[in-house]
Amino acid sequence: MYQVGDYIIYGMNGVCKVEEIGPMNLSGIDSDKLYYTLSPLYTKGSRVFTPVDNQKVVMRPVISKTDVCKLIDEMKDMELIEEKDDKRREAAYKEALKSCDCKEWIRIINSVKLRKEERLSQGKKMSACDERYLKQAQDSLFGEFALSLELEKSEVEDYIEHRLSLKEMASAS
């Protein structure tokens with residue numbers, strides 16, 4: 001069970017702070033059941049109420065700074081989502097996004113960036129579907145990484161690029 005003040009990932013709400021734990025004071029709701037009151041970090045003024053034992057929505061701790069750095073170092077070697085069929089690819093993106101797993105979000109980002117390069121080389125624009133899932137995956141990943149790295153969300157992409165370039169320089173020498 002999480003504690004008040006903990007930061008967790010709660011489904012597609014992303015990073016949330018546990019504000020309260022206790023019964024809901026609403027008629028028709030079991031007063032013996034405990035609920036988390038969550039505040040999504042990047043949606044100001046929003047609150048989420050969920051049973052402590054909720055099994056339907058992914059609820060997990062935010063990853064550590066050490067794990068973030070390890071994931072960044074492994075980014076270039078992660079398997080891509082290489083589905084040629086548009087509908088199947090979108091379904092794969094959707095599943096990866098819903099998993100609330102940083103590795104899956106990275107797979108989406110890497111896959112879409114590669115597809116974008118391929119399409120641009122053919123004189124085509126990035127598809128709206130790819131653009132939408134890239135934005136959602138980056139939003140989720142950068143939000144979680146920002147908290148772990150103690151950065152602003154807007155600084156995470158530069159941090160990743162810098163760390164990857166340092167790794168490349170180290171392996172080149």
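A contact means heavy atoms within 4.5 Å. The structure is a predicted model, in which local features need pLDDT of at least 70, side-chain atom pairs count only at pLDDT 80 or more, and totals for chains, interfaces and linings use all residues. Residues are numbered from 1 along each chain as its sequence is written, and side-chain values use heavy atoms, with hydrogens and water left out.

**Exercise 1.** Describe the order of helices and strands in the protein chain.

Solution. Helices (H or I, at least four residues) and strands (E, at least two) are DSSP runs, numbered from the N terminus. The protein chain holds five helices and five strands. Read from the N terminus, the order is β-β-β-β-β-α-α-α-α-α.

**Exercise 2.** Place Gln-138 in the chain, decide whether Gln-138 is buried or exposed, and list what Gln-138 touches.

Solution. Step one: Gln-138 belongs to helix 4. Step two: buried means under 20% relative accessible area, exposed over 50%, and partly exposed in between (1.4 Å probe, protein chains only). Gln-138 has a relative accessible area of 15%, so Gln-138 is buried. Step three: leaving aside residues up to four places away in sequence, Gln-138 touches Ile-109, Lys-113, Gly-143 and Glu-157.

**Exercise 3.** Do the same for the position and exposure of Glu-155.

Solution. Step one: Glu-155 sits in the loop between helix 4 (128-149) and helix 5 (156-172). Step two: Glu-155 counts as partly exposed because its relative accessibility is 38%.

**Exercise 4.** What share of the residues of the protein chain count as buried?

Solution. Of the 173 residues of the protein chain, the buried share is 39%.
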